[in-house]
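Biologist: Before I rely on the labels attached to this model, I would like to go through them one by one and hear the reasoning behind each. Could you take me through them?

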Amino acid sequence: MPKPKVAIYWCASCGGCEEAVVDLAEDILGILDAVDIVFWPVAMDFKKSDVAALPDQALFATLLNGAIRTSDQEEMARLLRRKSRHLVAYGACASLGGVPGLANQFSREQLLRFAYDEAPTLGADRKTRPALETRHNGHPLVLPELDETVRSLDQVVEVDYYLPGCPPTPKLTQAALLALLSDNPPPRGSVLAPDIALCDECPRKASKPQDLSFSEFKRPHQMMIDAEKCLLAQGLVCCGPATRGGCGAQCIGGNMPCTGCFGPTSRVRDQGAKILSSLCANVAAKDETAIQRTLDGIPDPLGTFYRYALPRSILRRSGYAAAETTPK
Ligand code: SF4
Ligand code: SF4
Ligand code: SF4
């Protein structure tokens, strides 16, 4: 009997999610016993036309990583949706918009202007933007168009499952594939990781005070971090309370605060707002100047609280049109 066909594809991605699949190491052999990978551009020479030629729903599953930022990424997302029985948003970028989603602080024109007109590293022939259509040796060359905003995969097509993480762990990847192949797959729409807060699986949870009180916030390089004590209790911004568990508290194990890459639990609508409100509600200072001094310890609030989920947040994008700021 033919094995189920699987595709792996990347859109606006750093490549880390592809590495995560490779990090399955010898466990990938067990997966290859169960499935045929028929499309994986980073590793195998199959073409878009090979996918287009497949009957609809011919792929058992597609793991798609990266956010949707360009016209060709949207086209591939729609094609793979049509060809797949299970479409998995693989990793924080596909699930939530991810780090590329921080570009939603700026309009497309602001980004292009900075990249091609104003960046200090540009040479004398600055202000040359790539043409979307050109000809070379008589052949037409077409570039994909940059969308106005970065979107998560489910803001473009219907998604069946979400695998969180930046990137997802090999253990979760393997478990997800085996769960999909089982006789009793998880309900559609599931996030394929435990629905618990990271604090619940954190080895430091016993030292997290019931009532937190912040007189200052510090960044990891500004202090000697106690390797046993809850990081929030030490004044570091740890997103553990608003973040889904399942990673094994990897960053905490490395004595670094959680930055929130597993996204929210099902009980949290907006991960950034949740961590922001829980920190601000516990600032000890009462007068405005002292409150501001405390909050000065978080120099990049949007990048801190919405690092992985700005496109899927209630905000979706920030009010750049009025500010007309330029990327730094
Ligand atoms: S989720 Fe993280 S590792 Fe995966 S593509 Fe996005 S930035 Fe890279
Ligand atoms: S706030 Fe951070 S360090 Fe503290 S218990 Fe939660 S995950 Fe662990
Ligand atoms: S500790 Fe937080 S940032 Fe680190 S891997 Fe886990 S969820 Fe991601």
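Biologist: Why is alanine 131 called partly exposed?

Modeller: This is a predicted model, and in it alanine 131 has a relative accessibility of 46%. Buried would require a value under 20% and exposed a value over 50%, so alanine 131, at 46%, counts as partly exposed. Alanine 131 sits in the loop between helix H6 (108–118) and strand E6 (133–136), and its C-alpha atom is separated by 7.6 Å from that of leucine 143, which is 12 residues apart from it along the chain.

Biologist: What makes alanine 89 count as buried?

Modeller: The relative accessibility of alanine 89 is 0%, and because buried means under 20%, alanine 89 counts as buried. Alanine 89 belongs to strand E5 (residues 84–90), and a C-alpha to C-alpha distance of 8.6 Å relates it to serine 152, 63 residues apart in sequence.

Biologist: Why does lysine 83 count as buried?

Modeller: The label follows from the value alone: lysine 83 has 3% relative accessibility, which is under 20%, and therefore counts as buried. Lysine 83 is part of helix H4 (residues 71–83), and from lysine 83 to alanine 61, 22 residues apart in sequence, the C-alpha to C-alpha distance is 8.8 Å.

Biologist: How many aromatic pairs are there, and why is the pair of tyrosine 9 and phenylalanine 39 called stacked or tilted, as the case may be?

Modeller: The count comes to 2 aromatic pairs. For tyrosine 9 and phenylalanine 39 the rings are 5.7 Å apart, centre to centre, with 10° between the planes; since pairing asks for centres within 6.5 Å and stacking for planes under 30 degrees apart, this pair is stacked. Tyrosine 9 lies in strand E1 (residues 5–10) and phenylalanine 39 in strand E2 (residues 36–39), so the pair ties together parts that are 30 residues apart in sequence. Both tyrosine 9 and phenylalanine 39 are buried.

Biologist: What makes the pair of phenylalanine 214 and phenylalanine 217 tilted?

Modeller: The ring centres of phenylalanine 214 and phenylalanine 217 are 4.8 Å apart and the planes stand at 40°. Because planes under 30 degrees apart would count as stacked and planes over 60 as edge-to-face, a value of 40° makes this pair tilted. Both phenylalanine 214 and phenylalanine 217 are buried.

Biologist: How do you know which kind of peptide bond joins cysteine 166 and proline 167?

Modeller: Omega for that bond is about 0°, and the bond is cis. Most peptide bonds are trans. Proline 167 is found in the loop between strand E9 (161–163) and helix H7 (170–181), and both Cys166 and Pro167 are among the residues that surround ligand 1.

Biologist: What else surrounds ligand 1, and how does its shell divide by class?

Modeller: The residues around ligand 1 also include Ser13, Cys14, Gly16, Cys17, Ala92, Cys93 and Gly165. Helix H1 (16–22) and helix H5 (92–96) are the elements that give two or more residues to this shell. By class, the shell holds 6 nonpolar, 3 polar and no charged residues.

Biologist: How does the shell around ligand 2 divide, and which residues form it?

Modeller: The shell around ligand 2 has 7 nonpolar, 1 polar and 2 charged residues. Among the residues around ligand 2 are Cys199, Cys202, Cys230 and Cys238, together with Lys205 and Lys208; lysine counts as charged and cysteine as nonpolar. The space that ligand 2 takes is the largest cavity.

Biologist: And which residues are around ligand 3?

Modeller: Ligand 3 has around it Leu198, Thr243, Cys247, Cys251, Cys258, Thr259, Gly260, Cys261 and Phe262, a shell of 6 nonpolar, 3 polar and no charged residues.

Biologist: What is notable about the phi of alanine 249, and is alanine 249 buried or exposed?

Modeller: Alanine 249 has a positive phi of about 50° although it is not a glycine. Most residues other than glycine have a negative phi. With 3% relative accessibility, under the 20% limit, alanine 249 counts as buried, and it is placed in the loop between helix H8 (198–201) and helix H9 (250–253). Asparagine 255, likewise not a glycine, has a positive phi of about 65°, and its place is in the loop between H9 and helix H10 (271–280).

Conventions. Residues are numbered from 1 along each chain as its sequence is written. Chains are lettered from A and ligands numbered from 1 in the order in which they are written. This is a predicted model: local features need pLDDT of at least 70, side-chain atom pairs count only at pLDDT 80 or more; totals for chains, interfaces and linings use all residues. Side-chain values use heavy atoms; hydrogens and water are left out. A residue is near a molecule or strand if one of its heavy atoms lies within 4 Å of it. On a 1 Å grid over the protein atoms alone, a cavity is a set of points where a 1.4 Å probe fits but cannot get out, and a pocket is an open set with protein on both sides within 12 Å along at least five of seven lines; lining residues have an atom within 4 Å of a point. A molecule sits in a cavity or pocket if more than half of its atoms lie within 2 Å of its grid points. Helices (H or I, at least four residues) and strands (E, at least two) are DSSP runs, numbered from the N terminus. Buried means under 20% relative accessible area, exposed over 50%, partly exposed in between (1.4 Å probe, protein chains only). Rings of Phe, Tyr and Trp (its six-membered ring) pair if their centres lie within 6.5 Å; planes under 30 degrees apart count as stacked, over 60 as edge-to-face and the rest as tilted.
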